[in-house]
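Reader: I should like to go through this structure by question and answer. Please fix each term before using it.

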Amino acid sequence: MNTWFSYHWQALVLAFKRLALIPFSTLLTLGVIGIAFSLPAGIYVFLENVETLSGQFSSGPQLSLFLKLNTTQSEAGKIESFLKENPHVASFRFIPKDSALEQFKESPGLAGVMDGLEGNPLPDAFVVTARDVSAETLKTLSRALAELHQVEHVQLDSAWMQRLAALLKLGRLAAWMLSVLLSLLVIAVVFNTIRLQILTMRDEIEVAKLIGATNSFIRRPFLYFGTIQGLVGGIVAWLIISLGIHLTGEPVKHLMQLYETDFRLYHLSMGDSLIMFLFSAGLGWLGAWLSVVSHLMKIEPR
């Protein structure tokens, strides 16, 4: 067991030495890997922040139920009974037209307009909160409410939330597709870097084989080399995202204060960060393994 740890420790040290011998190439490779990972990870962070922010502007799917102007109190009571018995309705509140008129008069830009009207043009209304956010449930409830007697119009107030959810779903799909493409790019970058390392050290590898070194012994430092590159590239991506959040944090906070909303940008969670580091290290290892397998077996002692 001590021998096994000794071999791996020597391979790890050798990998770091090889990285130090080519500082410019190493920095360039780490920069490419970091930028490649920061793009999909940055999109993911952006979408998560948008979803969190949207949750602060909407408490749930609501429907506004506008009654006809000639609706009597008893007819409004029948609609209220229907809402109480409907299993898709979580809660509701009745807004009399007189209360609605008073609210409009309190609005700075509408007070003068409302004062100039002879009567109250606003109808009685119900604001209904649905139990389920699914599109099918909301359509079913909206259709049922529209068929009620004395109902003039049904408006889904949170339709924008459904559109936003669809856009977020599309954005996540785009982030996954970009992740796959850039993962292939990272594998290609590490593959080519290891290939150049193998070609540069061809004579050294041949001598090592002559004195009895196994293929696993020879390829072990290269695998550590690729893994380190992938891991550090993931850390660079994390730092790029951190810098972006730091630079945009204050402007976003100021913008949200104008909307009287307390919101700050969120970074990757500890779990997401760990997954990104492991994934980037795994891609580095895979690129190195593919390169070693395809090139190292071709080198035989002369």
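Author: Helices (H or I, at least four residues) and strands (E, at least two) are DSSP runs, numbered from the N terminus. This is a predicted model, in which local features need pLDDT of at least 70 and side-chain atom pairs count only at pLDDT 80 or more, while totals for chains, interfaces and linings use all residues. Residues are numbered from 1 along each chain as its sequence is written, and side-chain values use heavy atoms, with hydrogens and water left out.

Reader: Is Ser 280 buried or exposed?

Author: Ser 280 lies in helix α10. Buried means under 20% relative accessible area, exposed over 50%, and partly exposed in between (1.4 Å probe, protein chains only). Because its relative accessible area is 0%, Ser 280 is buried.

Reader: Which backbone oxygen does the side chain of Ser 280 reach?

Author: Contact means heavy atoms within 4.5 Å. Not counting residues up to four places away in sequence, Ser 280 touches Phe 37, Gly 230, Leu 231 and Gly 234. At 3.1 Å, its side chain reaches the backbone oxygen of Gly 230.

Reader: Is Ser 38 buried or exposed, and which residues does it contact?

Author: Ser 38 lies in helix α2. Its relative accessibility is 11%, so Ser 38 counts as buried. Leaving aside neighbours within four places in sequence, its contacts are Ala 237, Ile 240 and Ile 241.

Reader: Which helix supplies the largest share of the largest nonpolar core?

Author: A nonpolar core is a set of buried Ala, Val, Leu, Ile, Met, Phe, Trp, Tyr and Cys residues joined through side-chain atoms within 4.5 Å. The largest one has 33 residues, of which Val 186, Ile 194, Ile 205 and Phe 222 touch the most other members. At least two residues each come from α1 (2-21), α2 (23-57), α7 (159-200), α9 (215-258) and α10. The largest share, nine residues, is supplied by α9.

Reader: How many residues does the second core hold?

Author: This core is separate, and it includes Ala 76, Val 89, Leu 145 and Leu 148. Its size is 16 residues.

Reader: How many residues apart in sequence are the partners of the Arg 172 salt bridge?

Author: A salt bridge is a side-chain nitrogen of Lys or Arg within 4 Å of a carboxyl oxygen of Asp or Glu, and the structure holds two. Arg 172 pairs with Glu 48, the closest N and O atoms being 3.4 Å apart. Arg 172 belongs to helix α7 and Glu 48 to helix α2, so the pair links distant parts of the chain, 124 residues apart.

Reader: Why are Lys 84 and Glu 80 separated by about one helical turn?

Author: These two residues form a salt bridge, with the closest N and O atoms 3.8 Å apart. Lys 84 counts as exposed because its relative accessibility is 59%, whereas Glu 80 is partly exposed at 29%. The separation is about one helical turn because both lie in helix α3 (residues 73-85), four residues apart.

Reader: What accessible area do the residues of the nonpolar surface patch have together?

Author: Patches are made of residues with over 30% relative accessible area and no salt bridge, like charges being joined within 9 Å and nonpolar side chains (Val, Leu, Ile, Met, Phe, Trp, Tyr) within 5 Å. One member, Leu 290, is in helix α10 (residues 270-296) and counts as partly exposed at 34% relative accessibility. Accessible areas come from the Shrake-Rupley method with a 1.4 Å probe, and for residues only the protein chains shown count as cover. Trp 285, Leu 286, Trp 289, Leu 290 and Val 293 form the patch, and their accessible area together is about 410 Å².

Methods: A polar contact is a pair of N or O atoms within 3.5 Å; within protein, one must be able to donate a hydrogen and the other to accept it, and residues adjacent in sequence count only if both atoms are side-chain atoms.
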